[in-house]
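Reader: I would like a close look at one part of this model, namely the place where the ligand sits, together with whatever in the surrounding protein helps to put it in context. Please take it step by step.

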Amino acid sequence: MAEVARAGAGAIVTKSVGTEPRAGHPSPCVVELNVGLLNAMGLPNPGIDYFAGEISEAKKAGVPIIGSVFGGTEEEIAELASAMARAGADGVELNLSCPHAKGYGAEIGSTPQMVELVCRKAKHGLGVPLFAKLTPNTSDIAALARAAERGGADAVVAINTLKGMAIEPEARMPILANKVGGLSGPAIRPVGIRCVYEIFEAVKIPVVGVGGISSGMDAIEYIMAGAGAVQIGTAVWSLGLDVFSRTNKEILRFMEENGFKTIQDMVGVAHPGGH
Ligand code: RRO
């Protein structure tokens, strides 16, 4: 996390953390495809008690640290959110959207009722901003965003990975040991853009855009769809940590060339009446 901050990220979202240490799914758990990555990591993490120490270390990097948490019930998620805040996280992101972990993630975050309930419980007495990361594997992501807003989330994050599968013809079987996984990388950017665009029209709280961003122009596309901030994940794997400074520079150059003074001036301009 310290390296990512040094590389130019303005804030950091952690890997999702749960109550107990978890090994994750067996290998193969990541497949490199020509359009991106398919993963079924299975929420590997060292558990919140250990991770609290990582948060205090990471905070020394001087950028906001947003702790991502997952759990099996609204009570467990609320307890983890509060533990993240006690550990010093500047914000908490609820992972309501991992596409392939039984009993967690999207299994919790696929109905507006659950999203609202989980956000309400987690936000109660939290004291730091609450982000709800939503699944694109649904027919109506805007309904999930409205539910997060009703539940008191301060922002929504869109999107997590798209549920997918890859088969190895020679072996005649799915490549991932878990069979299904989450697709990330360039292929999912148009899906993410569409989701952010729909959410921007549905809620008043800010939207954080994520999914297939690997350049300043990709980030600007999300911002014009309605994102007030963006996250980069898979491009760190494909391009390395330089992606942060390169993206920052490209955004600034575009703003200079096109007369934008602040990021806020670009947010949502792709909507009717926005420009
Ligand atoms: O750990 C994972 O398998 C994982 C998570 Br928590 C997530 O949110 N999204 C994803 O694609 N993989």
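**The ligand and its surroundings**

Author: In this predicted model, an oxygen atom of the ligand lies 2.9 Å from a polar backbone atom of Leu43. Side chains supply further polar atoms at short range: one belonging to Lys15 is 2.6 Å from a ligand oxygen atom, and one belonging to Asn160 is 2.8 Å from an oxygen atom of the ligand. Of the 310 Å² of accessible area that the ligand has on its own, the protein covers 92%.

The shell around the ligand consists of 13 residues, of which Lys15, Gly42, Asn95, His100 and Thr161 are the closest. By residue type, this shell divides into 6 nonpolar, 6 polar and 1 charged.

One stretch of chain that deserves attention here is the loop between strand S7 (155-158) and strand S8 (162-164), in which Ile159 lies. The peptide bond joining Ala158 and Ile159 is cis, with omega at about 20 degrees. Ala158 also appears among the contacts of Ile199, which, leaving aside neighbours within four places in sequence, touches Leu134, Ile141, Ala142, Ala145, Val156, Ala158 and Val207.

Ile199 leads on to the nonpolar interior. The largest nonpolar core has 74 residues, and those touching the most other members are Met84, Val92, Leu94, Cys119, Leu134, Val156 and Ile199. Helix H6 (residues 141-150) contributes the largest share of this core, with 6 residues. Apart from this core lies another, of 6 residues, including Phe131, Val157, Val208 and Val210.

The backbone has a few further features to check when inspecting the model. A second cis peptide bond joins Ser27 and Pro28, with omega at about -5 degrees, and Pro28 is found in the loop between strand S1 (12-13) and strand S2 (30-33). Two residues other than glycine have a positive phi: for Arg172 the value is near 60 degrees, and for Lys179 it is near 70 degrees. Arg172 has its place in the loop between strand S9 (167-168) and strand S10 (173-174), and with a relative accessible area of 76% this residue is exposed. Lys179, in the loop between S10 and strand S11 (181-184), counts as partly exposed, at 48% relative accessibility.

Definitions and conventions. Residues are numbered from 1 along each chain as its sequence is written. This is a predicted model: local features need pLDDT of at least 70, side-chain atom pairs count only at pLDDT 80 or more; totals for chains, interfaces and linings use all residues. Side-chain values use heavy atoms; hydrogens and water are left out. A residue is near a molecule or strand if one of its heavy atoms lies within 4 Å of it. A polar contact is a pair of N or O atoms within 3.5 Å; within protein, one must be able to donate a hydrogen and the other to accept it, and residues adjacent in sequence count only if both atoms are side-chain atoms. Accessible areas come from the Shrake-Rupley method with a 1.4 Å probe; for residues, only the protein chains shown count as cover. Ala, Val, Leu, Ile, Met, Phe, Trp, Tyr, Cys and Pro count as nonpolar, Asp, Glu, Lys and Arg as charged, and the others, Gly among them, as polar. A nonpolar core is a set of buried Ala, Val, Leu, Ile, Met, Phe, Trp, Tyr and Cys residues joined through side-chain atoms within 4.5 Å. Buried means under 20% relative accessible area, exposed over 50%, partly exposed in between (1.4 Å probe, protein chains only). Helices (H or I, at least four residues) and strands (E, at least two) are DSSP runs, numbered from the N terminus. Contact means heavy atoms within 4.5 Å.
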